[in-house]
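Here is a quick walk through a two-chain model, with an eye on backbone oddities and on how the parts meet. Have the viewer open as you read.

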Amino acid sequence: MSTALAENADKIKSIVCYILELEPDEVMLDSSFVHDHGVDSMGAIELLAALEREFDVEIEPEQLARMTTLAGVQTVLAEVAGW
Amino acid sequence: MTGMGTTHHATGRRVVVTGIGAVSSIGTGAAEFTSGLRAGRSGVRPISRFDTTGFASGNGCEVPDFEPRRWLRTLDPDRLGRATQFATAASSMAVADAGLTAEQLRAVRGMVSIGTTDGESADLDSLVETEISDGFGATDRLVVERVSPVRLATATAQELGLSNVEATTFGTACSAGNYAVSHGFDAVRSGESEFALCGGTDAMCRKTFTAFYRLGTIAPEHCQPFDADRKGILTGEGAGVLLLESLDSALRRGAEIYAEVLGSALNCDAHHPVAPNQASIARCIRKALNSSGVKPSDVDLISAHGTGTKANDITEIGAISEVYGDRPPRTVSLKSMLGHTMGAASALGVAACALAIKHGFIPPTINHVRTDPECPIDCVPNKSVATELNVVQNNGLALGGNNAIVLLGRYGATR
């Protein structure tokens, strides 16, 4: 994990939990938003929009397929933000 | 699932389309709309109704030259939002096109039913903008007064001076036009109404553009339904209104008949906020065919919902294949030309189907390069085809699984 990503890890997790309405201690790095937490595609779009706003980046909707876990979100965000 | 398919085709009066009003990005009035459809005209242009700065793309299908004063005789256009202007103008056009006068309609009981997605959301956009920039006190009272979507239908009654009508606005989004036509059809067939002015309307608004943009479904340049490289929808605007009356009434007054309304079906699966459900669409198609008393092999053309998104087109064609098998009828998407006109979409669709039947041609699916193998249909790419049409199916599929399908037939055809 790069330094920039490490610095933002808590912020990312808190956005994920806030938008998807999940408790921080139930969200693991590799727990599935869909299968473990019952998130639907509208929730995923909301998350994408919130991350774009908070980190001032643009994320292509195609990336949603990779953003199905906290780890996946971190990876995509690190790529688009150049961390 | 609730099904409200109309199943009394053997009873009740026969109902025909005798008047068409159209406001669209490819032509306003039945004649201009027809030539746009036949030529495969594209309604795409840069959006001018609101500022698209900050979006990666800003194309849409606006009506470029709409002049409400050309069509409205009674009401002050400034007191109507743009969607209401479209609906009242299209209604007036339909009455004139049917060779009727408002005075004749006032003598009998009727129905006005107008479908919409957004109502006057463009006015809401501007009210909120004003409130944020200058405070609530600065908002324009005239704009506030014209915002209610109920006015989409009641303004038409006011414009034409119709007091003996039921005036209803349907908010069933992208299939609302078909809902409204279905409602008008039922009223005339049952004898509750002697005529129905029914259709749908919507005006370009920032809210809807932004929402579809946010969902990742706005195409950057043009709309390419069923194409392997399709990139989504373009938002559009306009209105389609039909004048329906009983066959007896049309024959009695020697009216020109565009087409007969054979039947319709509605269902709502509530499966998902935005994703269409194939099994439910297939059920709605079967119900509509059954209501119309026609077999799948009787259908010559399907005017698809055909938004040009990955999900819609595959799911819709899947449902069509479920019902029609390996050789479905030719299936076109008017949205390739008109963009997604939301509540007007399936109303302009019914209007186009009636015109196609009357004039013997199939409007093309434009912007087409290579058919998606997952949408194995003949979409009549890029050029219209001259042919006789006896039965045409018009699909409307909306958010939340609100499906509505209307079938039209050529009057005088033997089946």
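## Two positive phi values

A residue is called buried if 20 or more other C-beta atoms lie within 10 Å of its own, and exposed if 12 or fewer do. Keep in mind that this is a predicted model. With that cut-off in hand, take B:Met342: it has 32 other C-beta atoms within 10 Å, so it is buried. You'll find B:Met342 in the loop of chain B that runs between α12 (335–338) and α13 (345–359). Its phi is positive, about 55°, even though the residue is not a glycine.

Why flag that? Because most residues other than glycine have a negative phi. Chain A has a case too: A:Glu21 is a residue other than glycine with a positive phi, near 55°. A:Glu21 sits in the loop between α1 (3–20) and α2 (41–55) of chain A. Is A:Glu21 buried or exposed? A:Glu21 is exposed, because 9 other C-beta atoms lie within 10 Å.

## Chain B as a whole

Chain B is built from 13 helices and 15 strands. Its radius of gyration is 20 Å, close to the 22 Å from the globule rule for 415 residues, so chain B is as compact as a globular protein of that length. Laid along the principal axes, the C-alpha atoms of chain B fill a box of roughly 65 × 55 × 40 Å.

As for packing, 58% of the 415 residues of chain B count as buried. Among contacts in chain B with a separation of 6 or more, 80% come from residues 24 or more positions apart.

## Where the two domains of chain B meet

The domain assignment splits chain B into domain 1 (15–252) and domain 2 (262–409). Taken over C-alpha atoms, the centres of these two domains of chain B are 20 Å apart. Their contact takes 63 residues from domain 1 of chain B and 57 residues from domain 2 of chain B.

Which elements of domain 1 of chain B give two or more residues to the side that touches domain 2 of chain B? They are β2 (15–23), α1 (30–39), α7 (176–190), β7 (195–202) and β8 (238–246) of chain B. The most comes from α7(B), with eight residues. By class, that side of domain 1 of chain B has 27 nonpolar, 28 polar and eight charged residues.

## Between the chains

Across the chain boundary, four residues of chain A are in contact with four residues of chain B. On the side of chain A that touches chain B there are four nonpolar residues, with no polar and no charged ones.

Note on methods
Residues are numbered from 1 along each chain as its sequence is written. Chains are lettered from A and ligands numbered from 1 in the order in which they are written. This is a predicted model: local features need pLDDT of at least 70, side-chain atom pairs count only at pLDDT 80 or more; totals for chains, interfaces and linings use all residues. Helices (H or I, at least four residues) and strands (E, at least two) are DSSP runs, numbered from the N terminus. Two residues are in contact if their C-beta atoms, placed from the backbone, lie within 7 Å. Ala, Val, Leu, Ile, Met, Phe, Trp, Tyr, Cys and Pro count as nonpolar, Asp, Glu, Lys and Arg as charged, and the others, Gly among them, as polar. Domain bounds come from an automatic or database domain assignment. The radius of gyration is taken over C-alpha atoms; the globule rule is 2.2 Å times the number of residues to the power 0.38.
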